[in-house]
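Please take a moment to look over the sequence and the model before reading on. The paragraphs that follow go through the structure step by step.

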Amino acid sequence: MKYPEILVFDDALPQLDKFDTIIDVRSPAEYALDHLPGAINAPVLDDAQRIQVGTMYKQVNSFEAKKVGAALVAKNIAAHIEALWLDKPREWRPLIYCWRGGNRSGSMAHILAKIGWPVAQLDGGYKAFRAHVNAALEQPPGLNFKVICGTTGSGKSRLLEVLHANGAQVLDLEQLAAHRGSVLGNLPSQPQPGQKAFETAIWNTLRRFDPALPVFVESESKKVGNLRVPTALMDAMRASDCVALTLSRANRVRLLMEDYAHFTDSPASLNEQLEFLTALHGREKIGRWQAMAVAGAMPALVEELLADHYDPAYLRSIDRNFVKYGQALPLELADIDNAAFQAAALSLMAMPA
């Protein structure tokens with residue numbers, strides 16, 4: 001076969017997990033917004049260089065820009081070969097892509113193929129990949145979802161973690177979104193991905209599931225933090241069978257104290273987030289809650305937040321949004337220790353699909 005091999009995305013998809021390396025040659029800024037799952041960034045032009053060459057195209061002419069660009073691309077490809085790939089055997093098979101599958105990926109693919117590696121280049125580049133993801137997420141997933149429902153602090157996320165650890169199929173949207181799905185859901189030192197990266201992560205998870213087996217997912221709202229759950233996926237989840245997870249109020253407070261230690265250890269950070277609830281609860285109540293946080297009365301504050309904010313909001317929305325919640329399978333957790341979650345997970349996995 002002649003290399004580089006040019007692959008359209010539909011032909012590359014069945015092999016996507018078999019390439020030894022997937023190389024995104026776009027600039028770091030483009031890569032950061034979204035990229036193919038598992039791809040590394042080996043830019044042929046960095047952010048500043050891309051601007052430099054693009055400006056020359058507009059202000060001078062294409063010939064001068066191409067000369068400067070070619071010199072930069074050659075230097076960068078040489079540096080990547082020396083730093084990353086000198087130890088690769090002859091059989092090493094990378095997939096290379098850029099924005100549209102043009103000059104940037106073509107330059108690297110040509111050089112690596114001339115060395116002797118069986119290189120593949122993605123025709124249409126990231127743009128073709130993104131079109132595939134968009135089209136896939138617009139379709140109903142065709143999966144048997146089991147939706148874990150329950151009030152805040154009832155252990156839904158922990159149960160998903162234990163289900164996954166036991167080999168069950170799990171779609172953890174909060175993990176993919178780096179957010180716990182409420183006004184206090186921001187994770188410390190972990191910003192949310194962009195919308196495109198979130199959708200790529202969802203697509204990459206869904207494509208690996210066996211349709212014959214159940215997929216466990218939490219009863220999320222349409223947005224997880226700042227990110228939107230794709231409409232077709234949301235519609236499928238809301239029409240699916242439900243599990244009603246319950247846990248005593250005292251244990252819910254204990255669980256939230258553990259899971260939100262970054263807030264309970266930092267009253268100032270918690271109070272910043274409580275400000276967002278002022279429109280719902282009024283300045284007087286928010287001020288009292290903030291004073292409780294500063295005074296260290298965290299268990300009492302958590303219990304009030306559950307009673308006055310989270311539980312009423314949950315009860316208002318769950319029946320309206322998840323149509324089979326009225327026939328939900330009840331599942332009660334006796335404690336928040338590992339044994340309780342293991343027992344719950346195994347009981348769910350033993351259910352008929």
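A residue is called buried when its relative accessible area is under 20%. The model shown here is a predicted one, and with that cut-off in hand we can begin with a single residue, Lys156, which counts as buried because its relative accessibility is 10%. Lys156 is found in helix 7, which covers residues 156-165. Leaving out residues up to four places away in sequence, Lys156 touches Ile148, Cys149, Gly150, Thr151, Glu218, Ser219 and Leu245. Two of these neighbours deserve a closer look. A polar atom of the Lys156 side chain lies 3.3 Å from the backbone oxygen of Thr151, and Lys156 also forms a salt bridge with Glu218, in which the closest N and O atoms are 3.9 Å apart. Because Glu218 belongs to strand 8 (residues 214-218) while Lys156 belongs to helix 7, this pair ties together parts that are 62 residues apart in sequence. Glu218 is buried as well, with a relative accessible area of 7%.

Other charged pairs can be followed in the same way, since a search of the whole structure finds 19 salt bridges. In one of them the side chains of Glu30 and Arg104 meet, with a distance of 2.9 Å from N to O. Glu30 lies in helix 2 (residues 28-33) and Arg104 in helix 5 (residues 103-115), so the pair ties together parts that are 74 residues apart in sequence. Both Glu30 and Arg104 are buried. Another salt bridge joins Glu199 to Arg130, with the closest N and O atoms 2.3 Å apart, and this pair links distant parts of the chain, as Glu199 is in helix 9 and Arg130 is in helix 6 (residues 125-137), 69 residues apart. Glu199 is buried at a relative accessible area of 12%, and Arg130 is buried at 10%. Asp17, Arg207 and Arg208, in turn, are linked in a network of salt bridges.

We now turn from charged residues to nonpolar ones. In soluble globular proteins, nonpolar side chains tend to be buried together. In this model the largest nonpolar core has 44 residues, and those with the most contacts inside it are Leu36, Phe145, Leu171, Leu173 and Tyr325. Domain 1 (5-135) and domain 2 (141-350) both give residues to this core, so the core lies between them. A second, separate core has 22 residues, including Val25, Leu45, Leu112 and Ala113. To see the surroundings of one core residue, take Leu171: apart from its neighbours within four places in sequence, Leu171 is in contact with several residues, among them Phe145, Leu160, Phe209, Val217 and Glu218.

Two details of the backbone remain. Most residues other than glycine have a negative phi, and most peptide bonds are trans. Ala178, however, has a positive phi of about 50° although it is not a glycine. Ala178 sits in the loop between helix 8 (173-177) and helix 9 (195-206), and Ala178 is buried, with a relative accessible area of 4%. The peptide bond from Tyr3 to Pro4 is cis, with omega near 5°, and Pro4 is placed in the segment before strand 1 (5-7).

Finally, an unreviewed UniProt entry carries the annotation "domain: Rhodanese", which covers residues 16-138. In the model, this span is 56% helix and 11% strand, and its end C-alpha atoms lie 21 Å apart.

Terms used. Residues are numbered from 1 along each chain as its sequence is written. This is a predicted model: local features need pLDDT of at least 70, side-chain atom pairs count only at pLDDT 80 or more; totals for chains, interfaces and linings use all residues. Side-chain values use heavy atoms; hydrogens and water are left out. Helices (H or I, at least four residues) and strands (E, at least two) are DSSP runs, numbered from the N terminus. A polar contact is a pair of N or O atoms within 3.5 Å; within protein, one must be able to donate a hydrogen and the other to accept it, and residues adjacent in sequence count only if both atoms are side-chain atoms. Contact means heavy atoms within 4.5 Å. A nonpolar core is a set of buried Ala, Val, Leu, Ile, Met, Phe, Trp, Tyr and Cys residues joined through side-chain atoms within 4.5 Å. Buried means under 20% relative accessible area, exposed over 50%, partly exposed in between (1.4 Å probe, protein chains only). Domain bounds come from an automatic or database domain assignment. UniProt positions are given in the numbering used here, feature names are shortened, and annotations may be inferred rather than shown by experiment. A salt bridge is a side-chain nitrogen of Lys or Arg within 4 Å of a carboxyl oxygen of Asp or Glu.
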